[in-house]
Amino acid sequence: MMIGYVTLGTNDLVRAAAFYDELLGSIGAGRLMESEGFIAWGVSPKQPSLGLAKPFDGNTATVGNGVMVALVVDSPAKVNALHAKALELGSKDEGPVGPRGTSGFYAGYFRDLDGNKLNVFCMGG
């Protein structure tokens, strides 16, 4: 495993934290670490996590074109549910759930409230 954590920027940590508490809580993740300007969610401190932060340099957080965070789950039903939950919480659909290619990759894409692009996927869908 190579990825320890991924951090997304936000300009409204309170609003973004409420979104991720509910979204990631629906797949069993919770807050692992927290400070005044940073929160990290995960299922275990020994597994990769997702962080949210106000930019350290004090500038406005912006979305990186081509940057995406992929959240793995273990079934197409969970892909469908998490994608639907993200949209219910105000996300923008960036690609409906379904199979991609012929490798068994099943995914759905969305942008969070700050415009960060995420995907939820499973293999073998």
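This is a short tour of one predicted model, stop by stop.

**Before you start**

Residues are numbered from 1 along each chain as its sequence is written, and side-chain values use heavy atoms, with hydrogens and water left out. Because the model is predicted, local features need pLDDT of at least 70 and side-chain atom pairs count only at pLDDT 80 or more, while totals for chains, interfaces and linings use all residues.

**Stop 1: strand β4**

Select residues 49-53, which are β4. Strands here are DSSP runs of E, at least two residues long; helices are runs of H or I, at least four long; both are numbered from the N terminus. Is β4 mostly covered or not? It is: 5 of its 5 residues are buried. Buried means under 20% relative accessible area, exposed means over 50%, and partly exposed lies in between (1.4 Å probe, protein chains only). Ser49, Gly51 and Ala53 lie on one side of β4, Leu50 and Leu52 on the other.

Now add the partners of β4. Two strands pair if DSSP finds at least two bridges between them. β1 (5-9) runs parallel to β4 over 5 bridges. Look for glycine 9, whose bridge partner in β4 is alanine 53. β3 (38-42) is antiparallel to β4, with 4 bridges. Here alanine 40 has glycine 51 as its bridge partner. β3 and β4 make a hairpin, with 6 residues between them.

**Stop 2: leucine 50**

Stay in β4 and pick leucine 50. Its relative accessible area is 5%, so leucine 50 is buried. Contact means heavy atoms within 4.5 Å. Leaving out residues up to four places away in sequence, leucine 50 touches nine listed neighbours, including Val6, Tyr20, Trp41 and Leu118.

**Stop 3: the nonpolar core**

Next, select Tyr20 and Leu118. These have the most contacts inside the largest nonpolar core, which has 24 residues. Such a core is a set of buried Ala, Val, Leu, Ile, Met, Phe, Trp, Tyr and Cys residues joined through side-chain atoms within 4.5 Å. Which element gives the most to this core? It is α1, with 7 residues. In soluble globular proteins, nonpolar side chains tend to be buried together.

Beyond four places in sequence, the contacts of leucine 118 include Leu8, Leu50, Val69 and Phe110.

**Stop 4: strand β5**

Move to β5, residues 68-72. In a regular strand the side chains alternate between the two faces of the sheet. In β5, Val69 and Leu71 point to one face and are buried. Met68, Ala70 and Val72 point to the other face and are not buried. β5 runs parallel to β8, joined by 5 bridges. Alanine 70 has asparagine 119 in β8 as its bridge partner.

**Stop 5: the largest pocket**

Keep β5 selected and add Ile27 and Pro48. Ile27, Pro48, Ala70, Leu71 and Val72 lie nearest the centre of the largest pocket, which 21 residues line. A pocket is an open set of points on a 1 Å grid over the protein atoms alone, where a 1.4 Å probe fits, with protein on both sides within 12 Å along at least five of seven lines; lining residues have an atom within 4 Å of a point. β5 supplies the largest share of the lining, 4 residues.

**Last stop: glycine 37**

Go to the loop between β2 (30-35) and β3, and find glycine 37. Its relative accessible area is 24%, so glycine 37 is partly exposed. Its contacts, beyond four places in sequence, are Leu13, Leu52, Ala53 and Lys54.
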